[in-house]
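Got your viewer open? Load the model, switch on a cartoon with side chains available as sticks, and follow along stop by stop.

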Amino acid sequence: MTLAPYAVQDGTSRGRRHPEPAPANRSEYQRDRDRIIHSAAFRRLEYKTQVFINHEGDLFRTRLTHSIEVAQIARSVARALGLNEDLTEAIALAHDLGHTPFGHSGQDALNECMKQYGGFEHNLQSLRVVDLLEERYAEFPGLNLTFETREGILKHCSVKNARELGELGRRFLEKTQPGLEAQLVNIADEIAYNNHDVDDGLRSGLITLEQLKPVSLFAGQYDEVMRRYPDIPPRRAIYETIRRMIGQVVTDLIENSRRRITRAGIRSIEDVRRQPESLIACTPEVAEKSRELKRFLRQNLYAHERVTHMMGEAVQIVRQLFEAFMKDATLLPPQYQEKLRQPAGTGEQARIVADYIAGMTDRYAMREHARMLGHPGAQTSG
């Protein structure tokens, strides 16, 4: 497939942190994708919360299935717009590698624990995973991904952190844009979780069809499904509705982004970077429908008593794990203890503890918590 002139081209990559020979039988971004898929952090996503803690049910989304759904949506749009599909897929599959157990509640809890040590943010942690924490290769730490994949992983960044990231942080200081592939994954992430959270919410019984019917994005498609297929079984009606919701938003995203690119006269990746705002975007009408759905989910699903109860327990697990590891570093696995060079209780120890906790799956965190409460002096198995 011939790429559009404004797509990221394989031959013009800004390279890797540690120079390597070019791959022989695949592109640079295929190599990135393959390294991500083979990483331990990627496998752990199978047992990390999206909305429902892993043991709640086998069919609910996890961080892994969410990442795959983001990649599918993003790659479809990338092909329609002539963007680099391999780079798009790599960014999508890596975007949550640094996420904590227990979803956003786990992240918020760890950020609070790390407040006096520089805080915690999962985008930065995802970058830390691919740059430093994965240990698979003899010649460099991390996965040594391309600049463009790393740029796409880092969706948000404070000015303070941007100054410490060198070339990668420059766009946050100079207010320039990332490549279109990175912009696309950011939108695909929202499309995926908005729609699959509707599915999981209905499956769980925490939200109902009656509650959803006033939500315009859902109602328009559901009414059409019931008009065309009046005898369809309820579960299939939900699947068909969600499929159509995704289709509506994705089609709008492709058509509107194509118009914005044309209107801006974009001819190169440098033209993309100089734009005052993202070029990959839905029309205002569809964007507002997506925001309405997001508000509905925040009020009726994420704030549901059952979800908040689960997450309250999860917050306690994260806090108590952090406190225990800060109080007694010998509770950390040997490979983490070996990284400590400064006295206990320092920022270095806190960051190492945060790396360890962020890398845990839901069930491993719960197991470690139970083990330490029952056997406070025991060594962890890692």
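This tour visits some salt bridges and then two helix pairs. Bear in mind throughout that this is a predicted model.

**Stop 1: Arg31 and Glu20**

Side chains of opposite charge can pair when their charged atoms come close. In this model, that happens often enough to give 34 salt bridges. For a starting example, select Arg31 and Glu20: their side chains form a salt bridge with an N to O distance of 3.8 Å. Arg31 sits in helix H1 (residues 28-37) while Glu20 belongs to the segment before H1, so this pair ties together parts that are 11 residues apart in sequence. Now turn on a surface. Arg31 or Glu20: which one is buried? Arg31 is, because its relative accessibility is 8%. Glu20 counts as partly exposed, with a relative accessible area of 23%.

**Stop 2: Glu89 and Arg75**

Next, select Glu89 and Arg75, whose side chains meet in a salt bridge at 2.4 Å, N to O. Here two helices are involved: Glu89 is in H4 (residues 85-94) and Arg75 is in H3 (residues 63-81), so the bridge ties together parts 14 residues apart in sequence. Glu89 is buried at 16% relative accessible area, and Arg75 is partly exposed at 24%.

**Stop 3: Glu240 and Arg243**

Jump to helix H13 (residues 234-263), which holds both Glu240 and Arg243. The two are three residues apart, about one turn of the helix, and their side chains meet in a salt bridge at 2.6 Å, N to O. Is Arg243 buried or exposed? Arg243 is exposed, with a relative accessible area of 51%, whereas Glu240 is buried at 16%.

Before leaving the charged side chains, make one more selection: Arg26, Arg33, Asp34, Arg75, Arg79, Glu85, Asp86 and Glu89. Salt bridges that share partners join these residues into one network, and the Glu89 and Arg75 pair from the previous stop is part of it.

**Stop 4: H10 against H13**

Two packed helices are described by the angle between their axes and the distance between the axes. Keep H13 on screen and add helix H10 (residues 180-204); the two axes come within 11 Å and cross at roughly 165°. H10 and H13 are therefore roughly antiparallel, and their crossing is right-handed. To see the contact, show sticks on the H10 side for residues including Leu184, Ile187, Ile191 and Val198. On the H13 side, try Ile238, Ile242, Met245 and Val249, among others. What classes of residue make up this contact? There are 15 nonpolar, one polar and three charged residues.

**Stop 5: H16 against H18**

For the last stop, select helix H16 (residues 305-327) and helix H18 (residues 347-358). Their axes come within 10 Å and cross at roughly 135°. That angle makes H16 and H18 oblique to each other, and H16 passes H18 in a right-handed crossing. Sticks to show on H16 are Val318, Leu321, Phe322, Phe325 and Met326. They meet Gln349, Ala350, Val353, Tyr356 and Ile357 of H18. Colour this contact by class and you get nine nonpolar residues, one polar residue and no charged ones.

Conventions. Residues are numbered from 1 along each chain as its sequence is written. This is a predicted model: local features need pLDDT of at least 70, side-chain atom pairs count only at pLDDT 80 or more; totals for chains, interfaces and linings use all residues. Side-chain values use heavy atoms; hydrogens and water are left out. Axes are lines fitted to C-alpha atoms, for helices over the stretch in contact, and angles run from 0 to 180 degrees between N-to-C directions. Helices (H or I, at least four residues) and strands (E, at least two) are DSSP runs, numbered from the N terminus. Angles under 35 degrees count as roughly parallel, over 145 as roughly antiparallel, 65 to 115 as roughly perpendicular and the rest as oblique. A crossing is left-handed if the near helix is turned anticlockwise from the far one by less than a right angle, and right-handed if clockwise. Contact means heavy atoms within 4.5 Å. Ala, Val, Leu, Ile, Met, Phe, Trp, Tyr, Cys and Pro count as nonpolar, Asp, Glu, Lys and Arg as charged, and the others, Gly among them, as polar. A salt bridge is a side-chain nitrogen of Lys or Arg within 4 Å of a carboxyl oxygen of Asp or Glu. Buried means under 20% relative accessible area, exposed over 50%, partly exposed in between (1.4 Å probe, protein chains only).
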